[in-house]
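Please examine the sequence and the three-dimensional structure shown here before reading the report.

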Amino acid sequence: MSFQIALRKKVSALTALVTAASIVLSPFPAAQAQQKGLPVLRDTETEQLLREYTRPILRAAGLEKQNIQMVILNEASFNAFVADGRRIFVNYGAILQSDTPNQIIGVLAHETGHLAGGHLSKLREQLANAQTQMIIAMLLGAGAMVAGSTRGSGSAGNNGLANAGAAAIAGPQEMIRRSLLSYQRQQEENADRAGVKFLTATQQSPKGMYETFKRFTSESLFAARGADPYLQSHPMPAERVAALQEFASSSPYWDKKDDPALQLRHDMVRAKISAFMERPETVNRRYPQSNDSLPARYARAISTYLHGDLRSALAQIDALIQVQPNNAYFYEVRGQALLESGKPAEAIPALRKAVQLSNNSPLIEMLLGQALVGTDNKAYTDDAIRILRAAVAREPEAPLGYMQLAMAYGRKGDYAEADLASAQAAYLRGDNKTARELATRAKTRFAVGTPGWVKADDIVAAKPPRN
């Protein structure tokens, strides 16, 4: 599903905590893990590449069996962060701005260092301790202020006691804040070292990680000038990069280059991101007609279809398929271009081929299901239901699959399943009111105790996650 945007509502209470704590790679303020919902991008090709980047690193970190997920955010800035111990969030801008696979792999190694070190749970403990200390300080300070006020407001001594109470509140708060920031700086240093360790263990160069941090140093040098290093949540950039260079350059794989085939795949994904996420004039500057490379042709083909010239886009995509006839994502783009141009029946063959070549990618299956439903041909209904049910079984958090499934069931006249699928789609969108209403209606259509009734009852009883 080529760069479909989905709003992920309220990932967890810890997301807001981590946003405030700024456990991130960037030396600038963290990408706000938006309390109103995370704007998530879904794309099979990009997600598959990121999984391949992280798999050996997670194995080296002992996290291979933890089912760590990669989540791509609709943010153009270069940033990545961990939020809940089971997901690594990466801005699409981080991928787009990484010239080599090794650079983004270094970022992922750093974030894996946070996960392997249990930094989130440890930070939660630190924050809980800090909160307790702050409450005690506030109570003691408030007690002194009350004592000063109850003895009369005219006395200078009493005013002094009240002022001392205010200082008793402010002083410990500042000390606690500095202590927390110091703790976070240490966590960042530990994540740097762990990242280098994992890269070395997987025989990969830490140079890309160093290059990324060095670039951040140059970009943030002016902003950091004159800053108090004890008020920074990360080590001061120059110091951090110097320390990183010292232990990273000793790696026996420091000068190891990325495999050319991997570099090509990386460049293809960057071209796709540019085409979907940037203005056409920007895409044309990045990939001018004079650039005949496969990534450039890929970017131009996608940009052409997105901006209305379907015939030219299809010709460009077909030329790409001639070069790589087994590239699932070329067929996916062809099918999506036809589907979004109001030609669902014509999109079906390309999307079937994409599903086959991608080993039944659930996101591409959802596109195929959408094309089958979009034809209004009832002969496709059972096929659409079968495909969409398989897709949502493996991608249970994708609203599109449930939306299309609801339409297919409705076309078949199975209104109980249609209501249930609609309720599941609404719940995943964060529309809890609509979800409960649809699930309540679905319960009246199912026999009590059946699987459908139980699923609908779960939605009715579900409480919205807290921020």
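The report below considers the confidence of the model, an annotated repeat, and the packing of neighbouring helices.

**Confidence**

The structure is a predicted model. Its protein chain has a mean pLDDT of 81, and 72% of the residues reach 70 or more. Over residues 5-36, however, the pLDDT is below 50, although this stretch has 103 contacts in the model beyond near neighbours in sequence. Residues 220-235 also stay under 50, and the model gives them 35 contacts beyond four places in sequence. Where pLDDT is low, predicted coordinates should not be read in detail.

**An annotated repeat**

An unreviewed UniProt entry places the feature "repeat: TPR" at residues 328-361. Over residues 328-361 the chain is 79% helix and 0% strand, and the C-alpha atoms at the two ends lie 10 Å apart.

**Helix pairs**

The table lists three packed pairs of helices.

| Pair | Residues | Angle | Axis separation |
|---|---|---|---|
| α15 and α16 | 362-374 and 381-394 | roughly 155 degrees | within 9 Å |
| α17 and α18 | 399-412 and 415-429 | about 160 degrees | 8 Å |
| α18 and α19 | 415-429 and 432-445 | about 160 degrees | 8 Å |

How do the axes of α15 and α16 run relative to each other, roughly parallel or roughly antiparallel? An angle over 145 degrees counts as roughly antiparallel, and the axes of α15 and α16 cross at roughly 155 degrees. The two helices are therefore roughly antiparallel. In this pair α15 passes α16 in a left-handed crossing. Leu368 and Leu372 are among the contributors from α15, while α16 supplies residues including Ile387 and Leu388. The residues of this contact divide into 11 nonpolar, 1 polar and 3 charged.

Helices α17 and α18 pack at about 160 degrees, which makes α17 roughly antiparallel to α18. The crossing of α17 past α18 is left-handed. On the α17 side the contact includes Tyr402, Met403 and Tyr409, and on the α18 side it includes Ala421, Ala425 and Leu428. This contact holds 11 nonpolar, 3 polar and 2 charged residues.

Helix α18 also packs against α19, at an angle of about 160 degrees. The helices α18 and α19 are thus roughly antiparallel, and α18 passes α19 in a left-handed crossing. Among the residues in contact are Leu420, Ala423 and Tyr427 of α18, together with Leu438, Ala439 and Arg445 of α19. Here the residues divide into 10 nonpolar, 3 polar and 3 charged.

Tyr415 and Ser422 of α18 take part in the contact with α17, and Tyr415 and Ser422 are also listed in the contact with α19.

Key: Residues are numbered from 1 along each chain as its sequence is written. This is a predicted model: local features need pLDDT of at least 70, side-chain atom pairs count only at pLDDT 80 or more; totals for chains, interfaces and linings use all residues. Side-chain values use heavy atoms; hydrogens and water are left out. Axes are lines fitted to C-alpha atoms, for helices over the stretch in contact, and angles run from 0 to 180 degrees between N-to-C directions. Helices (H or I, at least four residues) and strands (E, at least two) are DSSP runs, numbered from the N terminus. Angles under 35 degrees count as roughly parallel, over 145 as roughly antiparallel, 65 to 115 as roughly perpendicular and the rest as oblique. A crossing is left-handed if the near helix is turned anticlockwise from the far one by less than a right angle, and right-handed if clockwise. Contact means heavy atoms within 4.5 Å. Ala, Val, Leu, Ile, Met, Phe, Trp, Tyr, Cys and Pro count as nonpolar, Asp, Glu, Lys and Arg as charged, and the others, Gly among them, as polar. pLDDT is the predictor's confidence in each residue, from 0 to 100. UniProt positions are given in the numbering used here, feature names are shortened, and annotations may be inferred rather than shown by experiment.
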